[in-house]
Amino acid sequence: MLLINRKSLLAFFSALLFGSSLVLAKNPSAPAEFSLRSIDGQTITSASLHGEVAVLAFGASWLPLSKTQLQGIRKLADEYSDRGVVVYWVSTESEDPKSKNFASDEQLRAFAQKYGLKVTVLRDPDGAVSKKFGIDQLPSIVIIDKQGNPSEPIGGLDPNGNLASQLAERLDKVL
């Protein structure tokens, strides 16, 4: 006969509950709530994107791939804007001037203009949103469907290839 005391039972259910909450928290396909500030002062939230397909391209201006990434993002926005897709470039640079990874809004604005980026630049300086999406490499892309469900992070795209072509199948599934 198996005897389980109250403490053991409580510990078991706590572990079960805690473990399942970890799985839910790391599930990138569950709707994620977030808020990001643009370099122009507006706030983009998960709620404001509800009903739209959004592409969040996470990167940093110091990355060698950023120039190519920005050109691909610009083309992606041009090709999909008439289909209701909104595209954002999310800078992971710090807002703390003491950080070696610092970039001011003005520096990011100049960087975007230099490479002809015509999409809104958002800031994720502490990495909270990129962590929420499970991003572990830069650059990475997350596609958010009309219900607010994010895709798995998409990394390792060919920086010299056509970004729109590389994402077409995934975007077509959510449009």
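What follows leads from the overall fold of this predicted model to its nonpolar cores, one of its helices and its cavity.

The protein chain contains 6 helices and 7 strands, and along the sequence these elements follow the pattern α-β-β-α-β-α-β-α-β-α-β-β-α. Of the 175 residues in the chain, 38% are buried. When contacts in the chain between residues at least 6 apart in sequence are considered, 70% of them join residues at least 24 apart.

In soluble globular proteins, nonpolar side chains tend to be buried together. Here the largest nonpolar core has 28 residues, and those with the most contacts inside it are Ile73, Leu76, Trp89 and Leu171. Helices and strands both contribute to this core, with β3 (53-59), α3, β4, α4, β6 (140-144) and α6 (163-174) each supplying at least two residues. Leu76 can serve as a point of entry: once its neighbours within four places in sequence are left aside, this leucine is in contact with Val55, Val87, Leu163, Ala164, Leu167 and Leu171. Separate from this core is a second one of 16 residues, which includes Leu49, Tyr88, Phe133 and Ile144.

Helix α4, which spans residues 105-114, shows how one of the contributing elements is arranged, with Leu108, Phe111 and Ala112 as its buried residues. Seen down the helix axis, the buried residues of α4 fall within an arc of 95°, and they therefore line one face of the helix. Among the elements that cover these buried residues are α3 (66-80), β4 (85-91) and β5 (120-123). On the face of α4 turned away from the buried side, the exposed residues are Glu106, Gln113 and Lys114. Just after this helix, Gly116 takes a positive phi of about 70°.

The last feature to consider is empty space inside the model. Rolling a probe the size of a water molecule over the atoms shows where such space is left. A search of the whole structure finds 1 cavity of 30 Å³ or more, and the largest cavity holds about 50 Å³ of space. Its lining is formed by Ala32, Phe34, Ser46, Leu49, His50, Glu52, Ile144, Asp145, Lys146 and Gly148, a set that divides into 4 nonpolar, 3 polar and 3 charged residues. Leu49 and Ile144 thus appear in two settings, since both belong to the second core and both also line the largest cavity.

Note on methods. Residues numbered from 1 in each chain as written. Predicted model: local features only at pLDDT ≥ 70, side-chain atom pairs only at ≥ 80, totals over all residues. Heavy atoms only, no water. Buried < 20%, exposed > 50% of the residue type's maximum accessible area, 1.4 Å probe, protein only. Helix = DSSP H or I, 4+ residues; strand = E, 2+ residues; numbered from the N terminus. Arc of directions from axis to C-beta. Contact = heavy atoms within 4.5 Å. 1 Å grid on protein atoms, 1.4 Å probe; cavity = no way out; pocket = protein on both sides within 12 Å on 5 of 7 lines; lining within 4 Å. Points joined across faces, edges and corners; volume = space filled by probe spheres on them. Nonpolar A, V, L, I, M, F, W, Y, C, P; charged D, E, K, R; others polar. Core = buried A, V, L, I, M, F, W, Y, C linked by side-chain atoms within 4.5 Å.
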